[in-house]
Amino acid sequence: MTPRKQESGKTTNGTDAAAETHGAALDRYDIAILGALQQDARLSNTELAARIGLSAAPTWRRVKWLEQQGYITGYRAEIDRRKIGLGVLAFVRVDAERNNADATQALEAAIRALPEVVACHYISGAGTFELQVLATDLDAFSRWSMQTLFKLPNVKDLHTSFSLGEVKAGAALPLSHLEPGR
């Protein structure tokens with residue numbers, strides 16, 4: 001007997017309907033959904049379905065599956081930083097004392113808590129972390145660096161470069177490597 005789907009998206013036997021109707025691998029429809037939602041996450045399910053060539057119900061189930069599997073981690077608006085007064089984008093390489101894992105983890109936690117840091121990467125080569133930091137102007141960045149960044153645990157040195165102009169930002173992730181036959 002096939003389990004019936006209830007309003008909640010669960011079947012009568014308690015399993016997830018989206019998971020039961022989807023295989024483990026991404027197919028062309030999943031890839032198309034990911035691409036379309038990266039371009040416009042405000043698409044209605046009906047609009048999304050029309051774009052990818054499926055009806056609304058299976059499209060909705062696929063989106064739910066992609067969310068549950070962690071392919072889609074959230075939805076947000078892209079905001080022009082300059083329009084809200086964040087005119088400075090700085091790239092800050094942080095050299096940390098790598099004396100032990102606990103100290104490095106404390107620094108990571110402190111960096112995560114800073115709203116001015118919009119991205120942070122643990123890097124190879126010179127430095128330990130590469131931060132992308134936003135500030136209203138150079139004076140604000142300088143004050144923030146002295147009052148906040150230099151006071152973080154385990155910081156040995158900072159090296160900063162400033163963006164002089166944006167060539168490309170907020171780009172969608174490439175998906176062509178997921179297509180069959182590649």
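**Exercise 1. Count the salt bridges in this predicted model, then work out how Arg62 takes part.**

Start with the total: searching the whole structure turns up eight salt bridges. Now zoom in on Arg62.

- Step 1. One partner is Asp27, with N and O 2.8 Å apart. This pair ties together distant parts of the chain, 35 residues apart: Asp27 sits in the loop between α1 (17–20) and α2 (28–39), while Arg62 belongs to helix α4 (residues 56–68).
- Step 2. Another partner is Asp30, where the closest N and O atoms are 3.0 Å apart. Again distant parts of the chain get linked, since Asp30 is in helix α2 and Arg62 in helix α4, 32 residues apart.
- Step 3. Check both distances against the 4 Å cut-off for a salt bridge: 2.8 Å passes for Asp27, and 3.0 Å passes for Asp30.

As background, side chains of opposite charge can pair when their charged atoms come close.

**Exercise 2. Sort Asp27, Arg62 and Asp30 into buried or partly exposed.**

The cut-off you need here is 20% relative accessible area, with buried meaning under that value.

- Step 1. Asp30 has 0% relative accessibility, so Asp30 is buried.
- Step 2. Arg62 comes out at 16%, so Arg62 goes in the buried bin too.
- Step 3. Asp27 is at 26%, which means Asp27 counts as partly exposed.

**Exercise 3. Do the same for the pair Arg93 and Asp95, then find which residues a salt-bridge network joins.**

- Step 1. The closest N and O atoms of Arg93 and Asp95 are 3.7 Å apart, and the two form a salt bridge.
- Step 2. Arg93, at 24% relative accessibility, is partly exposed. Asp95 has a relative accessible area of 13% and is therefore buried.
- Step 3. As for the network, shared salt-bridge partners connect Asp80, Arg81, Arg82 and Glu166.
- Step 4. Within that network, pick out Arg81: you'll find Arg81 in the loop between α4 and β1 (88–96). With 13% relative accessibility, Arg81 is buried. Skipping neighbours within four places in sequence, Arg81 has contacts that include Leu86, Leu134 and Glu166.

**Exercise 4. Work out how α3 and α4 are oriented and what kinds of residues meet there.**

- Step 1. Take the axes of helix α3 (residues 45–52) and α4: they come within 9 Å and cross at roughly 100°.
- Step 2. An angle in the 65 to 115 degree range counts as roughly perpendicular, so that's the label for α3 and α4.
- Step 3. List who's involved: α3 brings Asn45, Leu48, Ala49 and Ile52, and α4 brings Ala56, Thr59, Trp60 and Val63.
- Step 4. Sort the contact by class, and you get six nonpolar residues, two polar and no charged ones.

**Exercise 5. Describe the surroundings of Leu131.**

- Step 1. Place the residue: Leu131 is part of strand β3 (residues 129–135).
- Step 2. Its relative accessible area is 0%, so Leu131 is buried.
- Step 3. Leave out neighbours within four places in sequence, and the contacts of Leu131 include Phe91, Val92, Val94, Ile111 and Leu149.
- Step 4. Look at Val94 on that list: the C-alpha atoms of Leu131 and Val94 are 7.6 Å apart, with their positions 37 residues apart in sequence.

**Exercise 6. Decide where the model's confidence is low.**

- Step 1. Take the chain as a whole: mean pLDDT is 88, with 87% of residues at 70 or more.
- Step 2. Residues 1–9 stay under 50, and the model gives them 16 contacts beyond four places in sequence.
- Step 3. Residues 11–15 are below 50 as well, with 14 contacts in the model beyond near neighbours in sequence.

Terms used: Residues numbered from 1 in each chain as written. Predicted model: local features only at pLDDT ≥ 70, side-chain atom pairs only at ≥ 80, totals over all residues. Heavy atoms only, no water. Salt bridge = Lys/Arg side-chain N within 4 Å of Asp/Glu carboxyl O. Helix = DSSP H or I, 4+ residues; strand = E, 2+ residues; numbered from the N terminus. Buried < 20%, exposed > 50% of the residue type's maximum accessible area, 1.4 Å probe, protein only. Contact = heavy atoms within 4.5 Å. pLDDT = per-residue confidence, 0-100. Axes fitted to C-alpha atoms, helices over the stretch in contact; angles between N-to-C directions. Parallel < 35°, antiparallel > 145°, perpendicular 65-115°, else oblique. Nonpolar A, V, L, I, M, F, W, Y, C, P; charged D, E, K, R; others polar.
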